[in-house]
Amino acid sequence: MAKNIVGVDISSGGIRAVEVRDAAGARPTVVRYESIPLPEGAVLRGEVVEVATVVTALRQLWSTGGFSSKDVVLGIGNHRVLARDLTVPKMSMDRIRESLPFQVQDLLPVPVDAALLDFYPISEGQSDQGPVVNGLLVAAVKESVDTNVRAVELAGLNPIDVDLIPFALCRVLLRGSSRRGLVAIIDVGSNTSTVVVARDGVPEFVRIISAGGRDLTDAIRSEGMLTTDQAEATKLSLGLSTVGVPVAQQPIVEVIYKVAGELLNSIRNTLTYFVGAHDQQPITQIILTGGGAKLRGFGQALQDGTHIPIVIADPFGLVAVDRRVASRTASGTSDAACVALGLALGSAA
Ligand SMILES: Nc1ncnc2c1ncn2[C@@H]1O[C@H](COP(=O)(O)OP(=O)(O)OP(=O)(O)O)[C@@H](O)[C@H]1O
Ligand SMILES: [Mg+2]
């Protein structure tokens, strides 16, 4: 029987780990889910900065979480991930993957051997030279995951794979009927937001926006001359609200609107760009995830600005979940497990 796999999401806010049984089978099941917060600065934009801190946290996570496997899949999804349309001659997927380094050097900002490359086929076509496959090329700077891999190894774990976070999100959130149509997944994290557009479950477009919930906290902190903790609490209590706010807090409300407005604009422009470049077909649904999207009023503002219906991600509502995990995870709070779950499921590929 295949061993259980643990997806590990190392984020600025903390480490989240989800153990999945039968990841490759017909009925993958979440058997453990645990997270541990990280101190500020230990991880930045998905990259481990303080190795010792992260190693200690991982060891503690394994002892409190009771994970039965040390085989882990890590994610990569920061601003150093690049996705482009690419058309290649029709070949087997293995041969396409082998040929990527020769095809893509001109598209990349780094030498080919410094990049992790992958290709996702979308459609087939014809060119003057014969049949072709149109797809999505994804490249990530290897160096940005090296330290994460090392931290995981130092914690006594066995990294069996590194996968792209945008695809991990698709694997979890585009299951069953939610696959159908042109769907955008938007993950608003701390410093990074990810936009993926998929057609009938197949990702066609990925953009990483270098902004997230942390930008709001930072802006509130400087405007109000507050500590980070105070600014964070202010953000949570105010959200995108205008009613019942004391006059003294008005400048802070304005800052929240300005910074959240910039992020909402970037997301909207990204979606408009996709639609413009893809035959003007409308996006039928947005699936929203990530802590930054919990800002009160954010989902509504995004829906008003894009005229696209929004649903909030509920990863544990989409896969089988062991009773003990389900009873410990209040309904609607499994959102933070999204990336880790998708990474574990990806080991099935
Ligand atoms: N209720 C809330 N209202 C507003 N913001 C919130 C709320 N809950 C969490 N956040 C914000 O969400 C952000 C963290 O989101 P998340 O946990 O998805 O990020 P992360 O995965 O740790 O970071 P990243 O993916 O960028 O590495 C923080 O900026 C936090 O302030
Ligand atoms: Mg995240």
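The paragraphs below lead through a predicted model, from a mixed sheet and the helices beside it to a buried glycine and the surroundings of ligand 1.

The sheet is an open one with mixed pairing, in which five strands follow one another in the order E13-E12-E11-E14-E15. Its edges are formed by strand E13 (202–209) and strand E15 (310–312), each of which pairs on one side only, and from one strand to the next the twist averages 20°. Strand E12, residues 193–199, is joined to E13 in the antiparallel sense over seven bridges, and within this pairing Val196 has Val206 of E13 as its bridge partner.

Two helices can be followed against these strands. Helix H4 (residues 165–173) packs on the sheet, where it touches strand E11 (182–188), E12, E13 and strand E14 (285–289), and its direction makes about 55° with that of E12. Helix H8, residues 298–306, lies across E14 and E15 and runs at about 155° to E15.

Gly346 belongs to helix H10, which covers residues 338–346. Because 22 C-beta neighbours lie inside 10 Å, and 20 or more suffice, Gly346 counts as buried. Leaving aside residues up to four places away in sequence, Gly346 touches Val73, Asp163, Phe167, Ala168 and Arg171; Leu164, though 182 residues apart from Gly346 in sequence, is 9.4 Å from it in space, C-alpha to C-alpha.

Around ligand 1 there are 21 residues, of which Ser11, Gly13, Gly189, Gly213 and Gly291 come nearest. The elements giving two or more residues to this shell are helix H5 (213–224) and helix H6 (228–238). By residue class, the shell divides into 14 polar, four charged and three nonpolar residues.

Definitions and conventions. Residues are numbered from 1 along each chain as its sequence is written. Chains are lettered from A and ligands numbered from 1 in the order in which they are written. This is a predicted model: local features need pLDDT of at least 70, side-chain atom pairs count only at pLDDT 80 or more; totals for chains, interfaces and linings use all residues. A residue is near a molecule or strand if its C-beta atom, placed from the backbone, lies within 6 Å of it. Helices (H or I, at least four residues) and strands (E, at least two) are DSSP runs, numbered from the N terminus. Ala, Val, Leu, Ile, Met, Phe, Trp, Tyr, Cys and Pro count as nonpolar, Asp, Glu, Lys and Arg as charged, and the others, Gly among them, as polar. A residue is buried if 20 or more other C-beta atoms lie within 10 Å of its own, exposed if 12 or fewer, and partly exposed in between; C-beta atoms are placed from the backbone. Two residues are in contact if their C-beta atoms, placed from the backbone, lie within 7 Å. Two strands pair if DSSP finds at least two bridges between them. Axes are lines fitted to C-alpha atoms, for helices over the stretch in contact, and angles run from 0 to 180 degrees between N-to-C directions.
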